[in-house]
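Me: I'd like to learn how to read a protein model, one feature at a time. Could you walk me through it?

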Amino acid sequence: MPYTTHEIHRIEEKWQKIWREKKIFSAAMDSNKKKYYVLEMFPYPSGKIHMGHVRNYTIADVIARFRMMQGRNVLHPMGYDAFGQPAENAAIKHKTGPAKWTYGCIDQMRAELKRMGFSYDWDRELATCDPEYYRWNQWIFLKMYERGLAYKKASPVNWCESCQTTLANEEVVNDACWRCKAPVVQKNLEQWYLKITHYAEPLLEDLKKLANWPSRVVAMQENWIGKSHGVNIFFFWKKTGERITVFTTRADTIFGATYVVLAPEHPLVDKMIAGTPGEKEIRVFIEKVTNESKSLRVTGDKKKEGIFTGQYAVNPVNGEEIPIWIADYVLMEYGTGAIMAVPTHDQRDFLFAKEHKLPMRIVIQDHPNSNAKVSDLKEAYEGQGVLVNSKQFDGTDNESAKTKIAQWMTQNKMGEVTAHWRLRDWLISRQRYWGTPIPIIYCPKCGAVPVPEKDLPVELPSNIQITGKGGSPLAQCEEFVNTNCPNCNGKAKRETDTMATFFDSSWYYLRFCSPRNDRKIFDEKEVNYWMPVDQYIGGIEHAILHLLYSRFFMKFFKDLGLVNFDEPFARLLTQGMVLKDGEVMSKSRGNTVDPDEIIGRYGADPLRLCILFAAPPEDQLEWSNGAVDGSWKFLNRIWNLAEQRFAPVEDNISAADSDQEDKDLERERNAAIKKVTEDISEGYKFNTAVSTLMILMNAADKYKVVTGNTAKQALLNRAIRTVIVLLAPFTPHICEELWEKTGGNEKSVMNVSWPSFDARALERDSVQVVAQINGKLRGKFQVASGSSEEEVREIVLADARIQEFISGKPVKRFIYIADKVANIVI
């Protein structure tokens with residue numbers, strides 16, 4: 001029967017049904033088997049899957065199937081990161097409810113994932129919008145609240161006055177609301193935070209344990225956590241004597257500080273400008289700056305803006321009075337919200353000082369006698385050197401001066417050695433409907449009261465109108481808001497903020513271990529068996545926040561005594577983007593390719609093979625329709641080879657009866673087992689693994705079997721079945737069918753043990769050695785494999801043609817590369 005589109009779909013439906021009915025991929029804890037937990041970052045259910053999904057999930061599926069065939073107890077689950085603003089936007093657009101929209105998208109996505117034949121344990125499927133799931137979000141929040149790790153404070157948000165709602169950064173377009181185009185302002189709201197900074201040190205230190213993570217991801221996490229060693233320097237406001245603490249890593253430049261810059265949000269600013277002649281102008285500037293996005297304020301290509309407060313600070317090391325400015329590029333979130341400006345040795349300060357005609361002083365020279373002048377500077381000098389204009393520290397090299405000046409300031413109470421962290425506590429409040437309700441009740445008498453655990457989950461009300469305007473939809477639902485205080489039973493109101501969706505995805509991998517447990521967040525025995533995730537796969541765009549928050553939750557769970565390990569993901573793979581015409585596939589660019597259309601024409605297996613063969617997993621993949629056609633043709637060749645040339649015979653081959661062709665085929669077969677195993681195990685080189693299988697398939701195709709020669713037929717059968725087994729993780733449907741056709745005893749090829757290679761079969765009786773004279777090819781010799789240099793030298797130099805080229809000249813050197821090349825130098 002030909003491998004037609006109709007036949008492909010018949011085979012796929014047949015084996016997907018068998019896998020489902022036989023529960024081939026159902027996982028269960030088994031202390032006698034070594035586990036392997038494979039997990040992709042679960043998707044937001046937008047409806048249809050795209051090629052990025054196909055690539056991510058196909059990579060994971062190969063790994064899961066490979067490990068299963070190696071005898072590992074494999075857990076490979078799937079779920080949906082189902083809360084979030086996109087569902088609310090879709091609900092408004094399609095005039096439906098977020099829940100109805102989301103569950104419809106999940107149904108569609110599930111059907112498409114099943115059509116690809118992925119090896120998921122569907123009994124463990126979950127969605128974060130299920131009350132059974134987000135109940136445990138609320139439980140985690142309460143445990144953090146009990147320990148002081150969840151707290152509320154005022155903080156600025158993007159606010160649309162017209163819609164009366166907060167906006168995510170990506171919803172602010174040209175400083176306006178994406179929906180109504182009204183100006184967006186910064187507004188202070190009381191919001192909930194998680195104290196991730198409590199775990200800053202272990203989050204940084206445990207990065208050393210992540211040897212199997214991409215180095216650039218570890219570096220990104222390290223930079224985000226951002227531990228900086230330096231000095232808090234105590235400047236003083238001249239007028240009142242109040243301290244202005246400045247953090248710096250460059251204590252060596254303190255004598256070159258010529259002005260101080262405060263963030264517009266700094267707590268001293270209001271007091272400094274109150275009642276001054278420039279107050280009105282300064283407040284206009286502050287309002288303008290605070291309404292800008294923070295990322296825009298600190299970006300390198302934006303001109304830095306500032307304004308003089310009219311006030312002065314005193315530099316503690318020399319008593320010098322220097323002006324206090326306010327500028328957009330200083331943020332309260334970094335350091336102390338105040339910086340000392342040394343324009344001669346910091347390029348940003350240099351440009352700002354030039355713009356505003358502020359004083360400069362050189363305090364580091366590249367060598368002691370350079371006599372550099374400020375008027376000669378075209379840019380800040382940020383290199384190494386020796387100190388000048390720095391009193392008793394003149395002549396000290398600037399690196400050692402950092403320590404010496406820091407110690408001197410500490411001894412004289414002008415500052416203190418300290419460490420600062422870039423990491424800030426995690427804002428989880430969202431003024432949205434479609435998220436986990438925060439389980440807090442506000443009572444006029446008792447204050448903020450946590451919802452008792454027995455009353456969880458606090459469920460989202462279903463009778464909600466989502467308009468995108470008028471603030472939080474939950475705040476407008478009286479039956480949700482109005483409740484009774486758990487302490488005094490008096491009238492009270494619920495918190496109407498919901499949790500950021502990163503909260504949901506920070507622990508879902510643990511819930512997969514026991515997703516139907518309704519008594520506790522997860523079963524500790526199951527989690528401590530399955531975890532950590534052995535292989536985690538997802539996009540580089542999640543390299544910081546999602547992975548950092550997941551690591552934070554793991555530290556917290558360990559403190560609760562629920563887990564016995566430190567890190568959630570032992571090995572991380574960040575797959576590359578799928579491109580078309582050199583650009584990332586995107587609906588807005590009109591360059592998407594619908595996986596459904598490809599599957600409809602070719603089937604799932606050719607699509608899977610194309611994705612795996614086109615590029616290494618970490619690299620970008622340029623889509624080509626022709627590549628799918630090539631994969632389909634290759635699978636056709638395998639189909640035809642198995643159908644037309646496999647014949648059942650007894651496999652009782654004797655090595656003594658083997659001729660050279662037999663040995664060559666066995667060598668290719670064993671070499672393929674070795675190479676494919678290594679390629680999957682040691683770096684996921686799926687493209688080279690597929691290339692190896694093509695070589696083996698070609699060798700089997702060329703191998704000649706004389707009718708009636710059962711020994712040769714048995715050798716060919718071995719090669720064909722080896723191709724099927726090695727290809728099974730890549731293209732499972734066709735391999736299941738061919739395994740059955742070629743007499744496989746097991747009900748599924750997935751129950752077949754992964755083959756091992758015979759090292760002896762890789763050995764060659766003879767090899768071809770190339771002879772070169774002074775780098776030029778002069779002959780080829782067939783010699784016994786493993787011949788010594790002396791043996792090869794004797795054979796080569798005895799050859800008449802080689803002697804002609806030597807022409808009686810003395811051989812200066814004879815260099816032999818075993819089994820490959822003999823180099824003669826004359």
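Reply: Let's go through this structure feature by feature, starting with the overall picture. Keep in mind that this is a predicted model.

Me: Okay, how many helices and strands are there in the protein?

Reply: The protein has 26 helices and 34 strands. Along the principal axes, its C-alpha atoms fill a box of roughly 105 × 85 × 50 Å.

Me: What share of the 826 residues is made up of buried ones?

Reply: A residue counts as buried when its relative accessible area is under 20%, and as exposed when that value is over 50%. Here, buried residues make up 52% of the 826 residues.

Me: Let's try a strand. Which residues of β12 lie on each side?

Reply: Strand β12 covers residues 259–262, with Y259 and V261 on one side and V260 and L262 on the other. Those four residues are all buried, and both faces of the strand are covered.

Me: And in which sense does β12 pair with β15, and with β14?

Reply: With β15, residues 338–341, the pairing is antiparallel and runs over four bridges. V261 stands opposite I339 there. With β14, residues 321–327, β12 pairs in the parallel sense over three bridges. On that side, I326 is the bridge partner of L262.

Me: Can I have another strand to practise on? Which way do the residues of β27 point?

Reply: L572 and T574 point one way from β27, while L573 and Q575 point the other way. All of them are buried. Strand β27 runs parallel to β26 (residues 535–539), and four bridges join the two. One to find on screen is I537, whose bridge partner in β27 is L573.

Me: Now charges. What can side chains of opposite charge do when their charged atoms come close?

Reply: They can pair. This structure holds 51 salt bridges. Take K674 and E678, where the closest N and O atoms are 2.9 Å apart. Because these two are four residues apart in helix α21 (residues 660–681), about one helical turn separates them. K674 is partly exposed at 28% relative accessibility, and E678 is partly exposed at 28% too.

Me: Where do the partners sit in the salt bridge between D123 and K23?

Reply: In that salt bridge the closest N and O atoms are 3.1 Å apart. The pair links distant parts of the chain, 100 residues apart: D123 is in the loop between α4 and β4, and K23 is in the loop between α1 and β1. Both ends are partly exposed, D123 at 43% and K23 at 46%.

Me: Which parts does the K227 and E201 pair tie together?

Reply: K227 and E201 form a salt bridge with their closest N and O atoms 3.1 Å apart. K227 lies in strand β10 and E201 in helix α6, so the pair ties together parts that are 26 residues apart in sequence. K227 is partly exposed, with a relative accessible area of 30%, and E201 is partly exposed at 36%.

Me: Which residues are linked in a network of salt bridges?

Reply: The network links D206, K209, R551, K555, K558, D566 and E567.

Me: Which residues gather in a patch of negative charge?

Reply: E789, E790, E791 and E794 form such a patch on the surface. E794 sits in helix α25, residues 789–797. Its relative accessibility is 61%, so E794 counts as exposed.

Me: Last topic: the backbone. What sign does phi have in most residues other than glycine, and what form do most peptide bonds take?

Reply: Phi is mostly negative in those residues, and most peptide bonds are trans. Now for some cases to look up. The bond from L456 to P457 is cis, with omega near 0°, and P457 lies in the loop between β22 and α13. M531 and P532 are also joined by a cis peptide bond, with P532 in the loop between α16 and β26.

Me: Where is K357, and what is its phi?

Reply: K357 has a positive phi, near 55°, and lies in the loop between α11 and β16. K357 is exposed, with a relative accessible area of 75%. K391 also has a phi near 55°, in the loop between β17 and α12. At 52%, K391 is exposed.

How values were computed. Residues numbered from 1 in each chain as written. Predicted model: local features only at pLDDT ≥ 70, side-chain atom pairs only at ≥ 80, totals over all residues. Heavy atoms only, no water. Patch = residues over 30% accessible without salt bridge, like charges linked within 9 Å, V, L, I, M, F, W, Y side chains within 5 Å. Areas by Shrake-Rupley, 256 points an atom, 1.4 Å probe, with all protein chains shown as cover. Salt bridge = Lys/Arg side-chain N within 4 Å of Asp/Glu carboxyl O. Lys, Arg positive; Asp, Glu negative; His and termini not counted. Charge placed at Lys NZ, Arg CZ, Asp CG, Glu CD. Buried < 20%, exposed > 50% of the residue type's maximum accessible area, 1.4 Å probe, protein only. Pairing = 2+ DSSP bridges.
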